[in-house]
Amino acid sequence: DVSPVVAGLIGATVLVVSVSVTVFVWTCCHQQAEKKHKTPPYKFIHMLKGISIYPETLSNKKKINRIRRDKNGTPKETGRGNLLVDAAESGLIGSDKAPDGPNAAPHVDQLPIKVDYGDELSPDQSLTPGGSKTSSPSSPGDDVMLGELTFSVDYNFPKKALVVTIQEAHGLPVMDEHTQSSDPYIKMTILPDKRHRVKTRVLRKTLDPVFDETFTFYGIPYSQLQDLVLHFLVLSFDRFSRDDVIGEVMVPLAGVDPSTGKVQLTREILKRNIQKCISRGELQVSLSYQPVAQRMTVVVLKARHLPKMDITGLSADPYVKVNVYYGRKRIAKKKTHVKKCTLNPVFNESFIYDIPVDLLPDISIEFLVIDFDRTTKNEVVGRLILGAHSITAGGVEHWQEVCENPRKPVAKWHSLSEY
């Protein structure tokens, strides 16, 4: 026989355990149901010729289906699941390294610079300073036709999603003199907040590319479409230097009504107007060269007026990546700490590089201000180049002052350019 007290304790224990298990199971089921039905904002699906290559997740790992073509040119999907698209066909992953040759950059191991050498760059990064390219007769100009871009705009009311399909382009100019062709791809941004930044794959050696890629952006109310502008930037991939900008297309959605169905548009590609680009903020850096020790000291001081880059549009989590180049070869990379939730960060971090005096004319230092994000890919806010490949008058003047005044720290503010 069990005493009433023991029986009561056993009954209470069983009751508590039963209630706890029931609450736990109900919570798990409720969370699973919310994940299925809840659509996180600012999410997009990328459709490549009818095949989803970016699934409906916010994960950094992108599941990409391999696409092959048969002899008739029709695309077909292999059965091996999540494989990377071939870099030569898609341009979404890194390319091969530059071949050796008489015009190739010197090997890093031949340079007497005592720093850790960086990795080779991929076409997605395109961080190599562009240098001064010789303008060809086919380079974009005021009197050169840059072609036309065809795309469509649609809106999915049940899912509150904007659907943009980049179909094709015609009559692009020749950007590669050797092949008398171009390797075009398109970057698309939704202005003015620039929360959505996507790009197509690279199509090799064509002046009439057919992309047929669909981007679906969730979390955009239909009432806000009238305030948005689609910005298409048409570029030509260059394996050995910075990608060439062919032109741009600006499409205000105020004049587009996708409520009755898909709207197909064709717009002329215009020469890029740098003055229309919004400010990317400013960066203050200090440089000092010690000729006796043959050492360059780079100090990243602070930044100000950075644009709002995070998903809420409230602030940014910036840090600065410093790349050192010898010619067009990256030989060192460093980065500062991340400054949380600020548009005017103060870094005060210094980096020291051993650089011989005779190499100074070929040295460039690139500063990339990057917005750190835990859930998505880090986004470049702006960039600055000082040294041999500086593209601004202020950058050239700053570098000359450093070289002409050894042992003296020279600090200046510089406007960041768009990456």
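**Exercise 1. Around strand β6**

Work out how many bridges join β6 to β9, and whether the two run parallel or antiparallel.

*Solution.*
Step 1: Count the links. Seven bridges join β6 to β9, and the two strands run antiparallel. Keep in mind that you're looking at a predicted model.
Step 2: Pick a pair to check by eye. A161 sits opposite Y218 in β9.
Step 3: Look at β5 as well. Strand β5 (residues 148–156) pairs with β6 in the antiparallel sense, over nine bridges. Here L149 has A169 in β6 as its bridge partner.
Step 4: Inspect the turn. The hairpin of β5 and β6 has four residues between the strands, and K160 takes a positive phi near 50° there.
Step 5: Ask about burial. Buried means under 20% relative accessible area. Eight of the ten residues of β6 (residues 161–170) are buried, so this strand is largely enclosed by the rest of the structure.

**Exercise 2. A salt bridge and its surroundings**

Which residue forms a salt bridge with E213, and are the two partners buried or exposed?

*Solution.*
Step 1: Start with the total. The structure holds five salt bridges.
Step 2: Find the partner. E213 pairs with R201, and their closest N and O atoms are 2.6 Å apart.
Step 3: Place both on the chain. E213 belongs to strand β9 (residues 210–218), while R201 is in the loop between β8 (197–199) and β9, so the pair ties together parts that are twelve residues apart in sequence.
Step 4: Check accessibility against the cut-off of 20%. E213 has a relative accessible area of 0% and is buried. R201, at 8%, also counts as buried.

**Exercise 3. Two more salt bridges**

Describe the pairs R304 with E282 and R383 with E366, and say where each residue lies.

*Solution.*
Step 1: Take R304 and E282. Their side chains meet in a salt bridge at 2.8 Å, N to O. R304 is in strand β14 and E282 in strand β13, 22 residues apart, which makes this a link between distant parts of the chain.
Step 2: Check R304 for burial. The partly exposed class runs between 20% and 50%, and R304 has 28% relative accessibility, so R304 falls in that class.
Step 3: Turn to R383 and E366. This salt bridge has an N to O distance of 2.7 Å. R383 lies in β19 and E366 in β18, with their positions 17 residues apart in sequence. Both residues are buried.

**Exercise 4. The open sheet**

In what order do the four strands of the open sheet lie, and which stand at the edges?

*Solution.*
Step 1: Write down the order. The sheet goes β16-β15-β18-β19, with antiparallel pairing.
Step 2: Find the edges. β16 and β19 each have a single partner strand, so one side of each is left without a neighbour in the sheet.
Step 3: Get the twist. Neighbouring strands are turned by 20° against each other on average, direction ignored.
Step 4: Zoom in on β18 and β19. Eight bridges hold this antiparallel pair together, and I370 stands opposite V380 in β19.
Step 5: Add the helix. α3 packs on the sheet, where α3 touches β18 and β19, and the direction of α3 makes about 50° with that of β19.

**Exercise 5. The nonpolar cores**

How many residues does the largest nonpolar core have, and which elements each supply at least two of them?

*Solution.*
Step 1: Size. The largest core has 34 residues, and L283, L287, M296, I363, I365 and F367 have the most contacts inside this core.
Step 2: Contributors. β13, β14, β15, β16, β17, β18, β19 and α3 each supply at least two residues.
Step 3: Follow one member. Leaving out residues up to four places away in sequence, M296 touches, among others, L287, F351, I365, W399 and V402.
Step 4: Look elsewhere. A second, separate core of 32 residues includes L203, I220, L225 and L228.
Step 5: Compare with the general trend. In soluble globular proteins, nonpolar side chains tend to be buried together.

**Exercise 6. The annotated stretch**

What is the helix content of residues 6–29?

*Solution.*
Step 1: Check the record. An unreviewed UniProt entry annotates residues 6–29 as "transmembrane region".
Step 2: Read the model. Over residues 6–29 the chain is 100% helix and 0% strand, with the end C-alpha atoms 35 Å apart.

Note on methods: Residues numbered from 1 in each chain as written. Predicted model: local features only at pLDDT ≥ 70, side-chain atom pairs only at ≥ 80, totals over all residues. Heavy atoms only, no water. Core = buried A, V, L, I, M, F, W, Y, C linked by side-chain atoms within 4.5 Å. Buried < 20%, exposed > 50% of the residue type's maximum accessible area, 1.4 Å probe, protein only. Contact = heavy atoms within 4.5 Å. Pairing = 2+ DSSP bridges. Axes fitted to C-alpha atoms, helices over the stretch in contact; angles between N-to-C directions. UniProt positions renumbered as here; feature names shortened; annotations may be inferred. Salt bridge = Lys/Arg side-chain N within 4 Å of Asp/Glu carboxyl O.
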